[in-house]
Structure formats: structure tokens, C-alpha cells
Amino acid sequence: IPDVVTMGEAMALMIARQPGLLEEVREFERATAGAELNVAVGLSRLGFQVGYISSLGQDSLGRHLRAFMAAEGLDLRHLRTDERYPTGFMLKQMVADGSDPQVEYFRRGSAASHLSLLDMPAPGSAFQQARLLHLTGISPALSTDCGELAFALARQARADGRLVSFDPNLRPRLWPSREEMIATINALASQADVVMPGLAEGRLLTGCEDAAGIADWYLARGARHVVVKLGPEGAYAASAGGDGCIVPGLPVREVVDTVGAGDGFAVGVISGLLDGLSLSDAAARGNAIGARVVQFRGDCEGLPTRAQLASA
Ligand code: KDG
């Protein structure tokens with residue numbers, strides 16, 4: 001039985017080897033992407049058993065991703081290969097100044113966007129017994145079917161009394177409208193025990209200006225813990241019935257690439273809670289992992305092992 005199960009789209013990632021516009025770059029380095037995959041890899045590196053539900057195309061990108069996931073020790077019993085659709089991929093810019101890089105997606109109609117209720121693990125099966133289910137707001141942006149799977153997984157985990165963690169991961173360009181994005185993501189968030197929005201995401205989703213207001217908004221809708229990511233400033237952590245507090249961020253010498261920092265943060269919070277840490281100590285671990293991830297170009301290159309985390 002895995003400790004954690006997650007579901008989402010894994011993509012091949014081509015990272016530019018030179019700064020500048022993607023259309024002018026001549027060389028790319030191959031890596032992997034996918035918010036939930038990054039979280040899965042991070043938790044696996046910390047020693048947790050992690051089950052990953054997804055679908056890949058029958059192509060070289062899919063084979064590369066599958067080999068990567070196997071090498072990272074993920075439980076791939078519920079990873080399908082679907083010969084009808086391709087594996088999604090994305091391009092990522094190289095930036096020299098620590099700003100968010102430009103990314104371009106090639107994922108519409110991908111194998112993962114065709115995930116559906118048919119991919120739901122059977123009741124009582126190993127994946128339905130994991131201690132924690134992690135979801136993001138990307139899945140319901142991919143297709144109605146994929147969104148239905150996310151909601152069904154969350155409802156089932158909740159009904160069984162298992163923990164659900166959720167990162168809104170807003171991707172406005174994957175949604176038909178801002179209103180639909182906000183309504184769907186908040187509906188999914190209200191199925192979660194642990195909600196981890198970024199400050200800008202939280203403002204957009206709740207209409208509240210400050211982190212405390214955002215946390216209260218989700219606590220009032222059933223969350224047990226809310227952690228609002230404040231970037232270099234750290235995070236604001238609040239639990240139901242308790243006082244919120246700021247957990248300061250760690251100084252970073254050089255920001256190489258910000259993508260994946262939020263996933264690293266989620267790895268810290270989730271692993272911390274599973275290890276029995278308090279929410280603020282879990283958030284401090286999230287800050288430490290996020291700070292490490294931004295010092296690497298790949299989305300999950302910087303995710304630490306236990307030994308690396310201890311020496312961070
Ligand atoms: O959180 C990192 C992700 O943005 C990246 O790995 C790709 O899943 C991805 C997405 O949809 O942007």
C-alpha cells in the first residue's frame with residue numbers, strides 16, 4: 001500500500017540551453033515536468049512509497065517518462081499507456097535574472113488529458129488505502145473527464161477518512177474562462193484537508209487580500225490546514241481552531257529557475273505532516289525544499305533525499 005497517491009499529467013520538458021526567445025533557441029536539454037509528478041518524485045526521494053495515476057502515449061517521450069518514474073521508485077500500477085493519443089510536452093525558457101521563465105505547452109489532446117473515471121482504482125485496492133491523496137488544480141483544467149477523476153478520487157479519500165492535500169496551481173491559459181477556473185478549483189479545494197495556494201493565487205481565488213484572510217476563507221470551507229506560499233518571504237500557516245503564523249523563508253544565493261518551487265514546498269508540507277511534524281515545522285521544511293529547488297534548472301532536479309534535506 002503506497003503512503004501517498006497522486007494523479008496528473010506528466011510531460012516531457014525541453015529546457016532551453018541559451019537565454020532568449022524560445023523561437024530562437026537552438027539547443028534544448030531534455031527533462032521531465034508535471035506538478036504532481038514533481039511532488040511524487042520529491043516524496044519518493046524522502047523515502048515514501050508513492051503511487052502515480054496517469055496515462056502516457058505510446059511514443060519515445062512516454063517511454064522516457066516511464067523509465068524516469070521507475071528509476072525514481074514510483075509505484076506505476078496505475079500508469080497506462082494509450083496508443084490513441086500522444087504524450088504531452090512543454091518548452092521552458094532559460095532566464096538569467098531569476099524571473100519566471102516563459103513556458104509553452106504542447107498538451108491539448110494528450111493521453112493524460114483523456115484520463116477519466118475509468119482510471120479510478122477499484123474500491124479497497126492498494127491505491128484506495130494510501131494515507132494521503134495529493135491533487136492539483138491542473139487536472140480539472142485538462143478536460144472534463146480528467147476533472148471528474150480528480151473529484152471522484154478526492155470524494156472517495158474523504159469518505160474513507162484519508163488525508164487530501166491540494167495545490168491550486170492556477171494555469172489560466174488551460175481554462176476556457178477565469179470564472180470556471182475559480183469555481184472549479186474552489187470546489188475541489190473544499191474537498192481537501194490541506195490547501196496550499198500561492199499568495200497571488202489565493203487572492204484571485206478568494207478575493208481576500210492578505211494571507212490570513214485567504215487561510216480563513218479555506219478553513220471556513222472545511223480545510224484543516226492552509227499554507228499560503230509567500231515566495232522568498234516564506235509561508236503563512238494556519239490550522240482550524242488555531243492562530244496563524246508566518247514561517248520565514250530561507251535566503252537563496254542565486255535563483256536559477258523558479259518553476260517547481262511550489263511543488264517542492266508541497267513535498268515539504270506533505271512529508272512533514274506524514275512524519276508527524278506540526279504545521280509550522282512542515283511549512284519550514286516546505287520553505288527549505290522550495291529554496292533548494294529554485295537553485296536548479298530542472299523542475300525536480302533540486303528535490304532532496306533525506307540526507308540532502310538534513311544538510312540543507
Ligand atoms: O509546477 C511545475 C509545473 O508547472 C511544471 O512541472 C509543468 O505541470 C506543469 C504545468 O502544467 O505547468
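This is a short talk on the sheets, helix packing and ligand shell of one structure.

Hello everyone, and thanks for coming. Please keep in mind that this is a predicted model. I'll start with the sheets, move on to the helices, and finish at the ligand.

Let's take the nine-stranded sheet. Its 9 strands form an open sheet with mixed pairing, and the order runs S5-S4-S1-S8-S9-S10-S11-S12-S13. Which strands stand at the edges? They are S5, residues 79-82, and S13, residues 245-248; each has a single partner strand, so one side of each is left without a neighbour in the sheet.

A couple of pairings from this sheet help to get your bearings. Strand S10, residues 194-195, pairs with S11, residues 225-229, in the parallel sense, over 2 bridges. If you want to find that pairing on screen, go to Val195, whose bridge partner in S11 is Val226. At the S13 edge the sense is antiparallel: S12, residues 234-239, is joined to S13 by 4 bridges. Here Ala235 has Val247 in S13 as its bridge partner. S12 and S13 form a hairpin with 5 residues between the strands, and in that hairpin Gly241 takes a positive phi near 80°.

Now for the four-stranded sheet. This one is also open and mixed, with the order S3-S2-S6-S7. Its edges are S3, residues 28-33, and S7, residues 103-106; each of these has a single partner, so one side of each lacks a neighbour in the sheet. On average, neighbouring strands here are turned by 25° against each other, direction ignored. S6, residues 89-94, runs antiparallel to S7, and 4 bridges join the two. One pair to look at is Lys92 and its bridge partner in S7, Val103. Helix H2, residues 60-71, packs on this sheet and touches S2 (11-19), S3 and S6. The direction of H2 makes about 95° with that of S2.

On to the helix pairs. As a reminder, two packed helices are described by the angle between their axes and the distance between the axes.

I'll begin with H6, residues 199-206, and H7, residues 211-219. They pack at about 55° with their axes 10 Å apart, and that angle makes H6 oblique to H7. The crossing of H6 and H7 is left-handed. On the H6 side the contact uses Leu199, Gly202, Arg203 and Thr206, and on the H7 side Ala211, Ile214 and Trp217. By class, that gives 4 nonpolar, 2 polar and 1 charged residues.

Next, H8 with H9, residues 279-293. Their axes are 7 Å apart and the packing angle is about 150°. H8 and H9 are therefore roughly antiparallel to each other, and their crossing is right-handed. The contact has a long list of residues: H8 brings, among them, Gly264, Ala266, Val267 and Ser271, while H9 brings, among them, Ala282, Gly286, Ile289 and Val293. In classes, the contact of H8 with H9 has 11 nonpolar, 7 polar and 3 charged residues.

H8 also packs with H1. How do the axes of H1 and H8 cross? They come within 9 Å and cross at roughly 45°, which makes H1 oblique to H8. This crossing is right-handed. From H1 we have Ala35, Asn38, Val39, Gly42 and Leu43, and these meet Asp263, Gly264, Ala266, Val267, Ile270 and Ser271 in H8. The split in the contact of H1 with H8 is 6 nonpolar, 4 polar and 1 charged.

That brings us to the ligand. H1, residues 35-45, and H8, residues 261-274, each supply at least two residues of the shell around the ligand. Which residues are around the ligand? Going along the chain, they are Ala33, Gly34, Ala35, Asn38, Ile138, Arg171, Val259, Gly260, Gly262, Asp263 and Asp299. The shell divides into 4 nonpolar, 4 polar and 3 charged residues.

It is worth setting the helix contact beside the ligand shell. Ala35, Asn38 and Asp263 belong to the contact of H1 with H8, and Ala35, Asn38 and Asp263 are also among the residues around the ligand.

If you take one picture away, make it this: H1 and H8 crossing at roughly 45°, and each of them giving at least two residues to the shell around the ligand. Thanks, and I'm happy to go back to any part of this.

Definitions and conventions:
Residues are numbered from 1 along each chain as its sequence is written. This is a predicted model: local features need pLDDT of at least 70, side-chain atom pairs count only at pLDDT 80 or more; totals for chains, interfaces and linings use all residues. A residue is near a molecule or strand if its C-beta atom, placed from the backbone, lies within 6 Å of it. Ala, Val, Leu, Ile, Met, Phe, Trp, Tyr, Cys and Pro count as nonpolar, Asp, Glu, Lys and Arg as charged, and the others, Gly among them, as polar. Two strands pair if DSSP finds at least two bridges between them. Axes are lines fitted to C-alpha atoms, for helices over the stretch in contact, and angles run from 0 to 180 degrees between N-to-C directions. Angles under 35 degrees count as roughly parallel, over 145 as roughly antiparallel, 65 to 115 as roughly perpendicular and the rest as oblique. A crossing is left-handed if the near helix is turned anticlockwise from the far one by less than a right angle, and right-handed if clockwise. Two residues are in contact if their C-beta atoms, placed from the backbone, lie within 7 Å.
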